[in-house]
Amino acid sequence: MATIGTFTLKDGSYTGQIQTLVLKAKVKLALQENKPSDDAPDYRIFVGGTEVGAAWKKIARTSERPYLAVKLDDPTFPAPIFASLHQAEDGGDGYNLVWSRPKGRGRE
């Protein structure tokens with residue numbers, strides 16, 4: 001697992017930055033208050049005015065802590081990035097975007 005972003009929560013939306021070896025972007029996860037269906041994302045993710053992903057509210061099975069399941073995608077990516085946004089371990093106001101490679105998707 002790797003932390004690829006840090007965020008703060010204000011007025012129901014998250015703002016922060018994602019940084020990897022090839023990506024550096026200021027990002028906003030905008031709360032969708034009027035979802036068209038229960039399956040629709042809870043948040044739309046934007047870099048500037050361009051939508052680059054979505055996030056859904058989840059509850060961790062073991063700890064019962066809330067988190068966001070995040071999917072980022074862009075035509076320049078070889079595949080979508082899946083990550084989770086959790087409150088920082090120190091219990092402060094920060095949130096960390098954590099990425100991990102799905103099993104079976106590593107280099108053989």
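**Figure 1. The strands of the protein chain.** Welcome to this predicted model, in which the protein chain has 0 helices and 8 strands. Following the sequence from start to end, you meet the pattern β-β-β-β-β-β-β-β.

**Figure 2. The overall dimensions of the protein chain.** The C-alpha trace spans about 40 × 35 × 25 Å along its principal axes. A compact globule of 108 residues would have a radius of gyration near 13 Å, and the 14 Å of the protein chain agrees with that. Among contacts with a separation of 6 or more, 23% join residues 24 or more positions apart.

**Figure 3. The nonpolar core.** Take a look inside: the largest nonpolar core holds 19 residues, and Phe7, Leu29, Leu85 and Leu97 touch the most other members. At least two residues of this core come from each of β1 (2-10), β2 (13-19), β3 (24-31), β4 (43-47), β5 (50-59), β6 (66-72), β7 (81-87) and β8 (94-99).

**Figure 4. Phenylalanine 7 and its contacts.** Here we zoom in on one residue of that core, Phe7. Setting aside neighbours within four places in sequence, Phe7 is in contact with Tyr14, Thr15, Gly16, Gln17, Ile18 and Val27, among others. The list of contacts also includes Leu29, Leu85, Asp93, Gly94, Tyr95 and Leu97.

**Figure 5. The surface and the charges.** Of the 108 residues in the protein chain, 30% are buried. The exposed area comes to about 7,800 Å², with carbon and sulfur atoms supplying 49% of it. The protein chain carries 15 positive and 13 negative charges, and the mean positions of these two groups lie 5 Å apart.

Terms used. Residues are numbered from 1 along each chain as its sequence is written. This is a predicted model: local features need pLDDT of at least 70, side-chain atom pairs count only at pLDDT 80 or more; totals for chains, interfaces and linings use all residues. Side-chain values use heavy atoms; hydrogens and water are left out. Helices (H or I, at least four residues) and strands (E, at least two) are DSSP runs, numbered from the N terminus. The radius of gyration is taken over C-alpha atoms; the globule rule is 2.2 Å times the number of residues to the power 0.38. Buried means under 20% relative accessible area, exposed over 50%, partly exposed in between (1.4 Å probe, protein chains only). Contact means heavy atoms within 4.5 Å. Accessible areas come from the Shrake-Rupley method with a 1.4 Å probe; for residues, only the protein chains shown count as cover. Lys and Arg count as positive and Asp and Glu as negative; His and the chain ends are not counted. The place of a charge is taken as NZ of Lys, CZ of Arg, CG of Asp or CD of Glu. A nonpolar core is a set of buried Ala, Val, Leu, Ile, Met, Phe, Trp, Tyr and Cys residues joined through side-chain atoms within 4.5 Å.
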